[in-house]
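Got your viewer open? Let's take a walk through this one together, one selection at a time.

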Amino acid sequence: MENKEIAIQLSGVKKMYLTSVDKIGDYAFAKTPLTKVNLKDNAVIGKYAFAYCENLKEVNYLSLVSYIDDGAFFGTALQEVALGKAEYVGDYAFGQSAVESVRCSDKLKKLGENPFYGCKIASFG
């Protein structure tokens, strides 16, 4: 593991304001203590970008994201997911997370394999 990855994981940062970031790379914040993230309109979320962020409960502007890759929010504490602009949601994107409610729009073109695997979804639509 590279030092820059360790620095983020060990930093203790709980909130990230990524409102000027177009693409969040693969594993960028995986296994960090984040609790809140703000995203940019039309942002692209890479594979496992926030995976295993077990305390991540709040993702502002998720409804404005255009692409959510595989496992992007796997194992997080997110309870509600609004996919307003998302055209693609990857394999296991929200797998094993706390998601209970999902809202989709007509912009959604493709869902990957089991994007909500292990979630106890009460509302979908």
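Is Cys53 buried or exposed? Select Cys53 and have a look: Cys53 is buried, with a relative accessible area of 0%. Keep in mind as you go that this is a predicted model.

**Stop 1: the cysteines**

While Cys53 is still selected, hunt for a partner. The closest cysteine sulfur belongs to Cys119, and with 15 Å between the two sulfurs they are too far apart for a bond. A disulfide needs its two sulfur atoms within 2.5 Å. Now click on Cys119. Cys119 is in no disulfide either, as the nearest cysteine sulfur, in Cys104, is 13 Å away. Cys119 also counts as buried, at 15% relative accessibility, because the cut-off for buried is under 20%. How many disulfides does the structure hold? Zero.

**Stop 2: a sheet**

Next, switch to cartoon view and select residues 15-17, which make up β1. Add residues 36-38 for β3 and residues 58-60 for β5. Together you have an open sheet of three strands, in the order β1-β3-β5, with parallel pairing. The edge strands are β1 and β5, and each of them pairs on one side only. Neighbouring strands here are turned by 5° against each other on average, if you ignore direction.

Zoom in on β1 and β3: these two pair in the parallel sense over three bridges. Want to see one up close? Pick Tyr17, then find its bridge partner in β3, which is Asn38.

**Stop 3: the aromatic rings**

Now show side chains. There are nine aromatic pairs to find. Start with Phe73 and Phe94, a stacked pair with 5.3 Å from centre to centre and 5° between the planes. Where do these two sit along the chain? Phe73 is in the loop between β6 (67-68) and β7 (80-83), while Phe94 is in the loop between β8 (88-89) and β9 (101-104), so the pair links distant parts of the chain, 21 residues apart. Phe73 is buried, with a relative accessible area of 0%, and Phe94 counts as buried at 0% too.

Then try Tyr92 and Tyr117. This pair is edge-to-face, with 5.7 Å centre to centre and 75° between the planes. Tyr92 lies in the loop between β8 and β9, and Tyr117 in the loop between β10 (110-111) and β11 (123-124), 25 residues apart. Tyr92 is partly exposed at 25%, and Tyr117 is partly exposed at 43%.

For a last selection, take Phe29, Phe50, Phe73, Phe94, Phe116 and Phe124, which form one aromatic cluster.

How values were computed:
Residues numbered from 1 in each chain as written. Predicted model: local features only at pLDDT ≥ 70, side-chain atom pairs only at ≥ 80, totals over all residues. Heavy atoms only, no water. Pairing = 2+ DSSP bridges. Helix = DSSP H or I, 4+ residues; strand = E, 2+ residues; numbered from the N terminus. Axes fitted to C-alpha atoms, helices over the stretch in contact; angles between N-to-C directions. Buried < 20%, exposed > 50% of the residue type's maximum accessible area, 1.4 Å probe, protein only. Phe/Tyr/Trp six-rings, centres within 6.5 Å; stacked < 30°, edge-to-face > 60°.
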